[in-house]
Amino acid sequence: MAFRRKLTVYVCLCHGITERQVRECIEEGAQTLYDLQGQLGVATNCGSCAGHACEMLQEHRAGRALADPALHCPGTLMAAGTAAAV
Ligand code: FES
């Protein structure tokens, strides 16, 4: 029988904020580090977690861009269902 353990990954140790909390906040509409700071308090003490939080925001944006390339790159042209950057 396979053993699976759920891991809690912390983004912000100062405030005990987990990746799951940050991901949920982003999915609920947070778009900037300021949004995450205001809603969760991430990166409001020592600030060493700001990079990780920003990476999560960028990953979310990239995922949206993959789903709809027109969302991500302002210079993107849609042609026959494919995207080409200009
Ligand atoms: S680790 Fe997030 S503010 Fe210090």
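Colleague: In what order do the elements of the chain run from the N terminus on?

Modeller: Happy to help! This is a predicted model, where local features need pLDDT of at least 70 and side-chain atom pairs count only at pLDDT 80 or more, while totals for chains, interfaces and linings use all residues. Residues are numbered from 1 along each chain as its sequence is written. Helices (H or I, at least four residues) and strands (E, at least two) are DSSP runs, numbered from the N terminus. The chain has 3 helices and 4 strands, and the order is β-β-α-α-α-β-β.

Colleague: Which residues have the most contacts inside the largest nonpolar core?

Modeller: A nonpolar core is a set of buried Ala, Val, Leu, Ile, Met, Phe, Trp, Tyr and Cys residues joined through C-beta atoms within 7 Å. Buried means 20 or more other C-beta atoms within 10 Å of a residue's own, exposed 12 or fewer, and partly exposed in between, with C-beta atoms placed from the backbone. The largest such core has 13 residues, and those with the most contacts inside it are Val11, Val22, Leu36, Val42 and Ala53.

Colleague: Which elements give two or more residues to this core?

Modeller: One strand and three helices are named here: β1 (10-12), α1 (19-27), α2 (33-40) and α3 (50-67).

Colleague: Is glutamate 27 buried or exposed?

Modeller: Glutamate 27 has its place in helix α1. In space, its C-alpha is 8.3 Å from that of histidine 60, though the two are 33 residues apart in sequence. Because glutamate 27 has 9 C-beta neighbours inside 10 Å, it counts as exposed.
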